[in-house]
Amino acid sequence: MEQIAKGEGRFYIAGDGKDLAEITYRTEENTGNLVIDHTFVSEDLRGQGAGEKLVQAVVDLAREQSVKIVPVCPYAAHQFEKHEEYKDVLK
């Protein structure tokens with residue numbers, strides 16, 4: 001699997017000149033919390049844990065910035081239910 005890269009308001013995995021997976025988030029103005037609003041994984045990477053790795057990247061960022069995450073995206077919300085170790089950054 002390709003490396004995760006960071007862009008403006010997103011983490012993504014690119015290959016062959018296109019995005020193969022991405023997670024997007026925005027920063028709440030008044031709290032600084034990160035709102036995950038979209039996750040996409042292409043057919044090329046499905047079933048390889050790409051989505052989980054992208055969620056983990058946002059979790060790591062939230063921990064670095066000492067902020068919480070609001071998982072609006074259904075996939076991200078499911079990952080927070082599945083991973084007890086993410087509870088420290090869940091809003």
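The exercises below work through a predicted model, each with a solution in steps.

**Exercise 1. Overall fold and dimensions**

Task: State how many helices and strands the protein has, give their order, and judge the radius of gyration against that of a compact globule.

Solution.
- Step 1. Count the elements. The protein has 2 helices and 5 strands.
- Step 2. Read them along the sequence. The pattern is β-β-β-β-α-β-α.
- Step 3. Take the dimensions. Along the principal axes, the C-alpha atoms fill a box of roughly 40 × 25 × 20 Å.
- Step 4. Compare with the globule rule. For 91 residues, a compact globule would have a radius of gyration near 12 Å; the protein has 13 Å, so the two agree.
- Step 5. Add burial and contact range. Buried residues are 41% of the 91 residues. Among contacts with a separation of 6 or more, 42% link residues 24 or more positions apart.

**Exercise 2. Strand pairing**

Task: Work out which strands pair, in what sense, and over how many bridges.

Solution.
- Step 1. Start with β1 (residues 4-7) and β2 (residues 10-15). These strands run antiparallel and are joined by 4 bridges. Ile4 stands opposite Ile13 in β2.
- Step 2. Look at the connection. β1 and β2 form a hairpin with 2 residues between them. Gly9, in the turn, has a positive phi of about 70 degrees.
- Step 3. Move to β3 and β4. They also run antiparallel, with 7 bridges. Ile23 faces Thr39 in β4.
- Step 4. Inspect the second turn. The hairpin of β3 and β4 has 6 residues between the strands. Gly32 in this turn has a positive phi of about 85 degrees.
- Step 5. Finish with β4 and β5. Their pairing is parallel, over 3 bridges. Ile36 has Pro71 in β5 as its bridge partner.

**Exercise 3. The nonpolar core**

Task: Identify the residues that touch the most other members of the largest nonpolar core, and the element that gives the largest share.

Solution.
- Step 1. List the best-connected members. The core has 25 residues, and Phe11, Leu34, Ile36, Val58, Ile69 and Phe80 touch the most other members.
- Step 2. Assign the contributions. β2, β3 (18-27), β4 (34-41), α1 (50-65) and α2 (74-82) each give two or more residues.
- Step 3. Find the largest share. It comes from α1, with 8 residues.
- Step 4. Examine one member. Beyond its neighbours within four places in sequence, Phe11 contacts residues including Ile4, Ala21, Ile23, Tyr25, Leu54, Ala57, Val58 and Leu61.

**Exercise 4. Helix α1**

Task: Compare the span of α1 with the expected value, then find what its buried residues pack against.

Solution.
- Step 1. Take the span. α1 has 16 residues and reaches 23 Å from first C-alpha to last. That is close to the 22 Å expected at 1.5 Å a residue.
- Step 2. Pick out the buried positions. They are Ala50, Gly51, Leu54, Val55, Ala57, Val58, Val59, Leu61 and Ala62.
- Step 3. Name the packing partners. The buried residues of α1 pack against β1, β2, β3, β4, β5 (69-71) and α2.
- Step 4. Check what follows the helix. Ser66 comes after α1 and has a positive phi, near 55 degrees.

**Exercise 5. Three residues, three settings**

Task: Classify Asn33, Val70 and Asp88 as buried, partly exposed or exposed, and describe their surroundings.

Solution.
- Step 1. Place Asn33. It is in the loop between β3 and β4. Its relative accessible area is 7%, under the 20% limit, so Asn33 is buried.
- Step 2. Find its polar partner. The Asn33 side chain reaches the backbone nitrogen of Lys68 at 3.0 Å. Its contacts beyond four places in sequence include Arg26, Val67 and Lys91.
- Step 3. Turn to Val70, in strand β5. At 21% relative accessible area, Val70 is partly exposed. Beyond four places in sequence, Val70 contacts Glu28, Leu34, Val35, Ile36 and Lys91.
- Step 4. Set a distance for Val70. Its C-alpha atom is 19 Å from that of Tyr12, 58 residues apart along the chain.
- Step 5. End with Asp88, in the segment after α2. Asp88 is partly exposed, at 41%. Outside its neighbours within four places in sequence, Asp88 contacts Arg63 and Lys68.

Note on methods. Residues numbered from 1 in each chain as written. Predicted model: local features only at pLDDT ≥ 70, side-chain atom pairs only at ≥ 80, totals over all residues. Heavy atoms only, no water. Pairing = 2+ DSSP bridges. Core = buried A, V, L, I, M, F, W, Y, C linked by side-chain atoms within 4.5 Å. Buried < 20%, exposed > 50% of the residue type's maximum accessible area, 1.4 Å probe, protein only. Contact = heavy atoms within 4.5 Å. Polar contact = N/O pair within 3.5 Å; in protein donor to acceptor, adjacent residues only side chain to side chain. Expected span 1.5 Å × (residues − 1). Rg over C-alpha atoms; globule rule 2.2 N^0.38 Å.
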